[in-house]
Amino acid sequence: ADQMFTMLDYLRSLFSRNLRGANQGMVALKELTAWLEKEYEERKKLYEEMLKKGDIIFEALQYYFSRGKRIVGSEGKYLIASKVNSSSYERTMFSYFFLMKGDVIKTNGDHFFATQHSFVVPHFKGIRKLSSLPVKLVDDETLALLTERGKLFNSVGKGSHYLAFKGTMRWKSQRRGFI
């Protein structure tokens with residue numbers, strides 16, 4: 001039920017779609033949504049109050065980074081952004097973390113391709129500032145920066161622009177001088 005709570009907006013969006021032959025399913029879905037809204041009303045208020053202050057707890061990450069939201073993280077020293085396709089709390093033998101997956105565009109020099117990128121927020125106890133998380137929601141300033149960088153990426157992402165040379169090349173040889 002906790003993960004269903006984080007998908008309330010998505011469940012509500014299903015009502016606006018005109019699905020033929022799904023009347024019984026839609027009635028059940030509306031009942032489920034109404035139950036979730038009532039059951040998790042207090043939790044939602046708590047999360048919203050914390051987010052207004054710029055704070056978050058680990059358990060609220062799936063609510064904050066819900067499906068479809070634009071996120072930005074880093075890969076090395078570079079920013080990388082995506083929309084959340086899926087998210088889950090994961091556990092390994094050594095750690096517990098929140099995992100988000102989204103599509104990103106990459107290149108191999110010959111063509112662009114989409115691949116899935118994972119964004120991870122390690123487990124933390126207590127309350128944290130949103131600004132201290134390794135993954136953030138994309139703000140207008142970051143979106144403008146990434147859009148400009150994307151235009152450059154689009155122009156140089158295919159081909160060997162800086163590696164290719166056409167014309168006469170002269171260089172100095174140690175034995176023969178200029179060739």
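Start by selecting S87: directly across from it, in β5, stands M100. You're looking at a predicted model, so keep that in mind as we walk around.

**Stop 1: the hairpins around β5**

Now widen the selection to strand β4, residues 86-91, together with β5. These two run antiparallel and are joined over 6 bridges. Follow the chain from one to the other and you'll pass through 4 residues, which makes the pair a hairpin.

Next, add β6. How many bridges does β5 make with β6? The count is 11, again in the antiparallel sense. To see one spot where they face each other, pick F98 and look across to V121 in β6. This is a hairpin too, with 4 residues between β5 and β6. In that turn, click on G109, whose phi is positive at about 95°.

While you're in the loop between β5 and β6 (112-122), select N108. Is N108 buried or partly exposed? Its relative accessible area is 45%, so N108 counts as partly exposed. Now show K158 as well: in sequence it is 50 residues away from N108, yet their C-alpha atoms are 7.7 Å apart in space.

**Stop 2: the rings**

Time to colour the aromatics. There are 9 aromatic pairs to find here. Try Y47 and Y63 as one of them: the centres are 5.4 Å apart and the planes meet at 45°, a tilted pair. Y47 belongs to helix α4 (residues 41-52) and Y63 to helix α5 (residues 61-64), so this contact links distant parts of the chain, 16 residues apart. Both Y47 and Y63 are buried.

Go back to F98 and show Y89 with it. Their ring centres are 4.9 Å apart with the planes at 50°, so this pair is tilted. Check how much of each ring's residue can be reached: F98 is buried, with 0% relative accessible area, whereas Y89 is partly exposed at 22%. The cut-off for buried is under 20%, so Y89 doesn't qualify.

Now select F58, Y64, F65, Y89, Y96, F98 and F124 together; ring pairs link them into a cluster. One member, Y96, has something extra to show. Add R91 and you'll see it lying over the face of the Y96 ring, 4.4 Å from the ring centre.

**Stop 3: the three-stranded sheet**

Move on to β2, β3 and β8. They make an open sheet of 3 strands, in the order β3-β2-β8, with antiparallel pairing. The edges are β3 and β8 (136-137), each with a single partner strand, so one side of each has no neighbour in the sheet.

Zoom in on β2 and β3, which pair over 6 bridges. Pick E75 and find Y78 opposite, in β3. The two strands form a hairpin with 2 residues between them, and G76 in the turn has a positive phi of about 70°.

**Stop 4: the largest pocket**

Last, turn on the surface. What is the volume of the largest pocket? The answer is about 680 Å³. To find its centre, select I80, A81, I105, R149 and F153, which lie nearest to it among the 20 lining residues. Then colour β2 (70-75), β3 (78-83), β5 (96-107) and α6 (140-156), since each of these supplies at least two residues of the lining. Sort the lining by type and you'll get 10 nonpolar, 4 polar and 6 charged residues.

Definitions and conventions
Residues are numbered from 1 along each chain as its sequence is written. This is a predicted model: local features need pLDDT of at least 70, side-chain atom pairs count only at pLDDT 80 or more; totals for chains, interfaces and linings use all residues. Side-chain values use heavy atoms; hydrogens and water are left out. Rings of Phe, Tyr and Trp (its six-membered ring) pair if their centres lie within 6.5 Å; planes under 30 degrees apart count as stacked, over 60 as edge-to-face and the rest as tilted. Buried means under 20% relative accessible area, exposed over 50%, partly exposed in between (1.4 Å probe, protein chains only). A charge sits over a ring if NZ of Lys or CZ of Arg is within 6 Å of the ring centre and within 35 degrees of the ring normal. On a 1 Å grid over the protein atoms alone, a cavity is a set of points where a 1.4 Å probe fits but cannot get out, and a pocket is an open set with protein on both sides within 12 Å along at least five of seven lines; lining residues have an atom within 4 Å of a point. Grid points are joined across faces, edges and corners, and a volume is the space filled by probe spheres set on the points. Ala, Val, Leu, Ile, Met, Phe, Trp, Tyr, Cys and Pro count as nonpolar, Asp, Glu, Lys and Arg as charged, and the others, Gly among them, as polar. Two strands pair if DSSP finds at least two bridges between them.
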